[in-house]
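Here are some notes to read alongside the sequence and the model. Please keep both open and look up each place as it comes along.

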Amino acid sequence: MSIKFIFLKSLDKAKEAASKERALTRQRDQLSLEITPNMDLTFSVLLNLATQYGNNEMYGEAMNTYQIIIKNRSFSNAGRLKTNMGNLCFNQGNYPKAIKFYRMALDQVPNTHRDMRIKIMKNIGLAFVKLGQYTDAITSYEYIMAEKADFRTALHLLLYEDKYSLSTEDPQTNLIVEAIKSDSLRKIERQRKQEAEWTILTAAKLIAPVIADTFAAGYEWCVDQIKLSPYADLGNDLEINKAVTYLRKREFNQAIETLKGFERKETKVASTAATNLAFLYYLQGDISQAEKCADQAVIADRYNAGALVNKGNCCLSKGEFEKAIEFYKEALSNEASCVEALYNLGLSYKKLNNAEDALESFYKLHGIVRNHPLVIYQIASLYEQLEDIDQALEWYQQVITLVPTDPYLLAKIGDMFDSEGDKQQAFQYHSDSYRYFPSNMEIIQKLGSYYIESQMFEEAIKFFERAAIIQPNQVKWKLMVAACQRRSGNYQQALEEYKSIHRRFPDDVECLRFLLKRQKEVKTQRTASSGSRPGSRRSSSRASRDGSASSLSNSSLPLGSPRQTHSGHSLTTSAKSLSNAQKILEADEFSPLEDRQDISFRDSSASRHSRPKTASGNKDDFEDDDIATDLLPD
């Protein structure tokens with residue numbers, strides 16, 4: 001008869017006993033008999049049933065039965081059965097959960113039951129061995145040897161003694177241990193472990209998002225499977241990776257909740273989780289909460305460089321630069337290659353205007369991380385702060401080889417060349433900046449000014465027209481277009497542009513001043529040409545008018561009245577227009593102008609005796625006049 005058959009028959013008998021016990025309980029309740037229930041009988045029946053479930057590897061049913069016993073407060077000392085539950089988890093390979101139940105059982109066993117406590121400690125030590133956590137196993141076995149030594153525990157302690165632990169009693173042994181910590185065999189051991197961990201974690205990261213409906217469910221499955229393996233400690237790493245995945249998906253609340261689950265776990269994991277939490281809160285701008293988590297991480301693991309960097313960042317955000325420097329230095333003392341600590345240390349020195357120490361930090365970082373744009377940029381910026389322009393330009397040009405499409409960096413280099421008087425180089429870098437970011441108004445204005453200085457007005461117009469499109473409510477760009485047109489000799493286009501500006505911006509001073517000055521000049525030129533035109537009626541009869549009719553008409557005028565001549569109407573009208581324009585110019589009060597022709601002179605006798613018309617009377621008001629550019633606004 002096989003053992004398996006015996007276990008099956010035992011399970012049947014245990015089920016039958018449990019069924020009869022339940023029937024007895026129901027019958028007692030129905031008859032309302034004043035008989036005290038036999039709790040010992042019930043306890044024995046359920047315990048036997050759970051044991052037989054476990055013998056037949058029906059672990060789920062066994063766990064449920066043990067839960068029924070533990071939850072019943074009528075059973076005294078039922079908490080010790082958590083040892084049995086731990087054994088079930090151990091048999092399933094779920095060693096972390098087994099350790100959890102063993103420790104709960106250990107809390108239920110009083111110190112007077114020393115043998116029972118030692119047996120539970122042996123199970124805990126063996127579970128740690130299965131997990132590969134030999135340091136924790138050693139701790140358990142050392143406790144047993146101190147309480148009640150035995151040969152098997154001594155053997156376990158001998159086999160799993162930490163070969164890299166230092167012994168303060170023997171200096172020679174300490175030297176040997178220090179030597180073998182970094183020998184070739186130890187390196188091979190470390191490489192194999194790292195390769196195994198990397199392979200497992202990478203596989204989990206790849207399959208977790210696709211093996212379930214949600215990536216969270218996939219991660220949960222992977223974590224459960226890893227915890228059942230000899231690499232159970234990697235489950236915590238995968239949980240943290242789950243939080244990082246939430247972070248990448250910008251699901252910050254889920255990331256925070258995942259990380260908060262590590263708060264009560266072992267020291268190293270808790271420190272890692274608190275470090276990530278501090279980083280999350282720092283990104284959200286919650287500096288107080290970030291600092292609180294950073295403090296927790298530092299307390300959990302003082303040698304955690306990331307936690308110290310987060311603490312320094314919180315101090316830096318509050319303007320406590322000296323305090324931040326202390327934390328960054330401490331992080332570097334724990335991990336000399338911590339690039340975050342070096343970079344932030346340089347920034348802190350830069351905030352304190354300590355350019356020399358800042359340069360030293362960034363140079364060290366440059367030696368670790370070669371050709372990193374941010375590091376090289378900081379070096380260039382510090383040389384610029386020290387007013388070493390040649391060195392600053394050299395380092396900035398190194399940055400631009402790494403990020404050739406950065407428009408702001410190109411503009412900065414162009415400005416530096418411009419300040420040095422190298423207009424050609426400045427124009428080249430500004431042009432490249434404009435090519436990658438054609439909406440930068442500052443660069444547009446600089447390029448337009450460069451073309452104006454080079455007397456290339458047509459090219460300048462292109463940039464100012466673009467500026468007018470980007471900022472249609474800014475009149476200055478349209479005025480620059482008009483100014484470039486008249487400087488290039490396109491006077492008619494300039495006039496039309498000014499008229500367009502006046503219609504769009506009727507209160508603009510510069511535009512109105514140009515139009516009024518132009519009107520004044522045209523009227524003045526017409527008046528002069530009208531009075532000196534050869535063969536005119538006015539020139540041929542000047543003497544007769546002065547001697548006859550004009551003297552009679554003038555005799556009836558008061559002193560200081562305007563002279564009445566055949567052309568007096570035109571002169572009076574022109575004088576009024578010029579006077580009004582002068583008043584407007586002096587008072588800076590402008591109103592829209594009407595596009596109209598000036599009143600032309602007509603002789604009364606000429607109306608009776610027609611004379612041939614000339615082409616000069618039909619010429620354009622603006623086209624044939626010679627306009628001085630100094631009359632137009634710059």
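**Notes on the model**

1. Let us begin in a loop: E57 lies between α2 (39-55) and α3 (59-71), where helices are DSSP runs of H or I with at least four residues, strands are runs of E with at least two, and both are numbered from the N terminus. The phi of E57 is near 60°, a positive value in a residue other than glycine. E57 is exposed, with a relative accessible area of 57%; exposed means over 50%, buried means under 20%, and partly exposed is in between, with a 1.4 Å probe and protein chains only.

2. A word on what you are looking at. This is a predicted model, in which local features need pLDDT of at least 70 and side-chain atom pairs count only at pLDDT 80 or more, while totals for chains, interfaces and linings use all residues. Residues are numbered from 1 along each chain as its sequence is written, and side-chain values use heavy atoms, with hydrogens and water left out.

3. Now the overall picture. The protein chain has 33 helices and zero strands. Of its 634 residues, 37% are buried. The chain exposes about 38200 Å², and carbon and sulfur atoms supply 51% of that area; accessible areas come from the Shrake-Rupley method with a 1.4 Å probe, and for residues only the protein chains shown count as cover. Among contacts with a separation of 6 or more, 48% are between residues 24 or more positions apart, contact being heavy atoms within 4.5 Å.

4. A second loop is worth a visit. N353 is found between α18 (339-351) and α19 (355-368). Its phi is near 60°, a positive value in a residue other than glycine. Is N353 buried or exposed? N353 counts as exposed because its relative accessible area is 61%.

5. Next, helix α7, which covers residues 134-148. At 1.5 Å a residue, its 15 residues should span 21 Å, and the end C-alpha atoms are indeed 21 Å apart; the expected span is 1.5 Å times one less than the number of residues. Which residues of α7 are buried? They are A137, I138, S140, Y141 and I144. These buried residues cover an arc of only 165° around the axis, so they sit on the same side of α7; the arc is that of the directions from the helix axis to the C-beta atoms. An α-helix has 3.6 residues a turn, so residues three or four places apart point the same way. On the other side of α7, T135 and A146 are exposed.

6. Helix α12 (residues 234-248) also agrees with its expected span: 21 Å for 15 residues, with end C-alpha atoms 21 Å apart. This helix is mostly covered, with eleven of its 15 residues buried. Among them are L234, L238, I240, A243 and Y246, and the buried set also includes E239, N241 and K242. Just after α12, R250 takes a positive phi of about 60°.

7. Helix α23 spans residues 423-436. Its 14 residues should reach 20 Å at 1.5 Å a residue, and the end C-alpha atoms are 20 Å apart, which agrees. The buried residues here are A426, F427, Y429, H430, S431, D432, S433 and Y434. What covers the buried residues of α23? The cover includes α21 (389-402), α22 (407-419), α24 (441-453) and α25 (457-470).

8. Two side-chain pairs deserve a look. S381, in helix α20 (residues 373-385), is buried at 14% relative accessibility. A polar contact of 2.9 Å joins the side chains of S381 and K350; a polar contact is a pair of N or O atoms within 3.5 Å, where within protein one must be able to donate a hydrogen and the other to accept it, and residues adjacent in sequence count only if both atoms are side-chain atoms. Leaving aside neighbours within four places in sequence, S381 is in contact with K350 and Y396.

9. The other pair starts in the loop between α26 (475-487) and α27 (491-504), where N490 is placed. N490 is partly exposed, at a relative accessible area of 24%. Its side chain makes a polar contact of 3.1 Å with that of E458. Beyond neighbours within four places in sequence, N490 is in contact with E458 and Q485.

10. Finally, the cysteines. How many disulfides does a search of the whole structure find? The search finds zero, a disulfide being a pair of cysteine sulfur atoms within 2.5 Å. C484 is buried at 2% relative accessibility, and C511 is buried with a relative accessible area of 0%.
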